[in-house]
Amino acid sequence: KEKKPAEGRKHQNMQNDTKVSQGQWGRAWEVDWFSLASILFLLMFAPLIVYYFIMSCAQYQCSLTDPLLDLLTGNKHLSDIWNSTSTLTYRAAVIYSLWVTFQVVLYLFIPDFCHKFLPGYVGGVQEGAITPAGVVNKYEINGLQAWIITHVLWFANASCCHLFSPTIIFANWIPLLWCANILGYAVSTFAMIKGYFFPTNAKDCKFTGNFFYDYMMGIEFNPRIGKWFDFKLFFNGRPGIVAWTLINLSFAAKQQELYGQVTNSMILVNVLQGIYVLDFFWNEAWYLKTIDICHDHFGWYLGWGDCVWLPYLYTLQGLYLVYHPVQLCTAHAIGVLMLGLLGYYIFRMTNHQKDLFRRTSGNCRIWGKKPQYIECSYTSVDGTKYHSKLMTSGFWGWARHFNYTGDLMGSLAYCLACGFEHLLPYFYIIYMTILLTHRCLRDEHRCGSKYGKDWKRYTAAVPYRLLPGVF
Ligand code: NDP
């Protein structure tokens, strides 16, 4: 029996999946030592890394080496650094609680209206990809609306209401870090308990038996509370990504307050990252089909990562520029802008080409021509054979993950906006290179086991992963 992927709910017969078919999705069933060691390392050190970066800005003008030198030379003790760190405050707890509650309200109680008047925007109730257990979840896509409402209120406050200062985020940055950590750990722990005792869909749970692996990589695939509160969609986009642009605006406001002007580097960081954030929300429905939502389970990696890692480390450039108000020469600024826009263009066009190709089953035009592709097939555990296509035209003919390459070019542009004095703002490009290279290998491993010899034909036709001729 053979079926085409577009045929309705083709995977209904996968309801009684076993490990074999589920192996195509998400995280592993069994933990190898390397994965376990990496996970233990991250669980122990990721919160320390975030603390170290934020502390070195607050106490050492964003120097990453000075705190270490102080400690090594005995100039300071760990306790000195810790005692100089702001603690959790009542004010920060109130701000954070109000912020998260506000985002929950926007997410749950205000159905999308943007898709009614924005041409080309896909919002409202949308279906996600099929889960390993054969479930197709429905999502209320209203992130763009939440982002717009939040930012309109922010600008209304900054320009006329003056209920709070736009520097409020910067002023409470470390106390808010403790709040974000509390939420990150609380939500990951809750997700773990929920996975054991009251999962949304028991067939979409994975248990390895290793506590740390399960905690980190998650048990449930799509944990939900009620019909609509989806943990992955909420925590992935809000509060973290909606906050991203607000955090940058708060840093810009602080620069204005401190130096009487906002530097061109700060404007570049705000604009380029703003485009990336807006792109995320404009394409929120499309993100339902990306690896985060389609393959990853919800654990500490996503829960804590979305609450702490993303808002604190993705915004390091803006934070750095508060302490080092870099004013770029025109050529440097234009170079950064061009690199950022080119990176964004490649990122978006590559993703768009695949989306168009898959939506139309190859009946489309890529760069003015009918796309070329490799026919491939895969078999589910019940023996049903499915067909799919891997495109070898457009950016997908240049490299197997040219969308990641575009993303990396954009990431490099944010860092270059900060000049060359310190390493700290370059953390983002280093991290993104590791993240996307690892993701590339992870995805290829999955595709290799899914498509078998067809994947080999594809990798022979498109031999490079990220950079044609290099890698
Ligand atoms: P992709 O959008 O690249 O999707 C990979 C999947 O696409 C594969 O598993 C395969 O799925 C299918 N595919 C692979 N090759 C082809 C081909 N030639 N033709 C058609 N389909 C193909 O990966 P992600 O979901 O990771 O990334 C989405 C975007 O999000 C990227 O642009 C990435 O840069 C960005 N991103 C940003 C992050 C950040 O923190 N800023 C983090 C992660 C991602 P199938 O099984 O259907 O064949």
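**A walk through a pocket, two helix pairs and a cavity**

About 690 Å³ of space lies in the second largest pocket. Keep in mind that you're looking at a predicted model. This pocket has a lining of 28 residues, and the ones nearest its centre are Ile95, Trp99, Trp154, Phe164 and Leu246. By type, the lining splits into 24 nonpolar residues, three polar ones and one charged one. Several helices chip in: α5 (90–109), α7, α8 (168–171), α9 (173–197), α12 and α16 (300–313) each give at least two lining residues.

Let's take two pairs of those helices in turn, starting with α7 and α12. Helix α7 covers residues 143–161 and helix α12 covers residues 240–259; they pack with their axes 10 Å apart, at an angle of about 20°. Angles under 35 degrees count as roughly parallel, so that is how α7 and α12 run relative to each other. On the α7 side, the contact is made by Trp147, Thr150, His151, Trp154 and Phe155, while α12 brings Val242, Thr245, Leu246, Leu249 and Ser250. That's a mixed set, with six nonpolar residues, four polar and no charged. The crossing of α7 past α12 is right-handed. Two names here should ring a bell: Trp154 and Leu246 take part in this contact, and they were also listed among the residues nearest the centre of the pocket.

Now turn to α5 and α9. Their axes come within 9 Å and cross at roughly 50°, and the two helices are therefore oblique to each other. This crossing, too, is right-handed. From α5, Ala92, Ala93, Ile95, Tyr96 and Val100 meet Pro175, Leu176, Cys179, Ala180 and Leu183 of α9. The contact of α5 with α9 counts 10 nonpolar residues, no polar and no charged. Ile95 is one of the α5 residues in this contact, and it is also on the list of those nearest the pocket's centre.

What about enclosed space? The structure holds two cavities of 30 Å³ or more. In the largest cavity there is about 90 Å³ of space. Which helix gives the most to its lining? That would be α18, with five residues. Helix α18 spans 330–359, and α13 (264–282) and α20 (402–416) join it in each supplying at least two lining residues. If you want to find the spot on screen, the lining includes Leu272, Tyr276, Phe347, Asp407 and Tyr414. Seven of the residues lining this cavity are nonpolar, four are polar and one is charged.

Methods:
Residues are numbered from 1 along each chain as its sequence is written. This is a predicted model: local features need pLDDT of at least 70, side-chain atom pairs count only at pLDDT 80 or more; totals for chains, interfaces and linings use all residues. Side-chain values use heavy atoms; hydrogens and water are left out. Axes are lines fitted to C-alpha atoms, for helices over the stretch in contact, and angles run from 0 to 180 degrees between N-to-C directions. Helices (H or I, at least four residues) and strands (E, at least two) are DSSP runs, numbered from the N terminus. Angles under 35 degrees count as roughly parallel, over 145 as roughly antiparallel, 65 to 115 as roughly perpendicular and the rest as oblique. A crossing is left-handed if the near helix is turned anticlockwise from the far one by less than a right angle, and right-handed if clockwise. Contact means heavy atoms within 4.5 Å. Ala, Val, Leu, Ile, Met, Phe, Trp, Tyr, Cys and Pro count as nonpolar, Asp, Glu, Lys and Arg as charged, and the others, Gly among them, as polar. On a 1 Å grid over the protein atoms alone, a cavity is a set of points where a 1.4 Å probe fits but cannot get out, and a pocket is an open set with protein on both sides within 12 Å along at least five of seven lines; lining residues have an atom within 4 Å of a point. Grid points are joined across faces, edges and corners, and a volume is the space filled by probe spheres set on the points.
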